[in-house]
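Here is a short, friendly briefing to read alongside the structure. Have the chain open in your viewer and follow the topics one at a time.

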Amino acid sequence: MTATIHATFENGHGAREAQLKLQSLRVLQVDGGDDGASLTAMVGEDLIDRALHLIEQTGGTATM
């Protein structure tokens, strides 16, 4: 099972940092938003909690 996580950030730096860290977790897919302050990630069930925590640590707000 996979989940789609949408995350928004106050600035582009946090979004970029989260995107790079999510890629290092080997999530299925991470796409940065056109606004530079958001992203969408496809995450396997085993990584959902880690991905949500990572997004919060980098200043983001996540929704599923």
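Glu17 counts as partly exposed, because its relative accessibility is 28%, a value between the 20% and 50% cut-offs. This comes from a predicted model, and Glu17 is a good place to start, since its side chain meets that of Lys21 in a salt bridge.

**The salt bridge in helix H1**
- The N to O distance between Lys21 and Glu17 is 2.9 Å.
- Both Lys21 and Glu17 belong to helix H1, where 4 residues, or about one turn of the helix, set them apart.
- Lys21 has 37% relative accessibility and so counts as partly exposed.
- How many salt bridges does the structure hold? There is 1, and the pair Lys21 and Glu17 forms a salt bridge.

**The loop after the helix**
- Arg26 sits in the loop between helix H1 (12-24) and S2.
- The phi of Arg26 is near 70°, which is a positive value in a residue other than glycine.
- Is Arg26 buried or exposed? Its relative accessibility is 71%, so Arg26 counts as exposed.

**The hairpin of S2 and S3**
- Strand S2 covers residues 29-32 and strand S3 covers residues 38-44; the two run antiparallel and are joined by 4 bridges.
- Which residue in S3 is the bridge partner of Gly32? That partner is Leu39.
- Between the strands of this hairpin there are 5 residues.
- Gly36, in the same hairpin, takes a positive phi near 80°.

Key:
Residues numbered from 1 in each chain as written. Heavy atoms only, no water. Pairing = 2+ DSSP bridges. Buried < 20%, exposed > 50% of the residue type's maximum accessible area, 1.4 Å probe, protein only. Salt bridge = Lys/Arg side-chain N within 4 Å of Asp/Glu carboxyl O.
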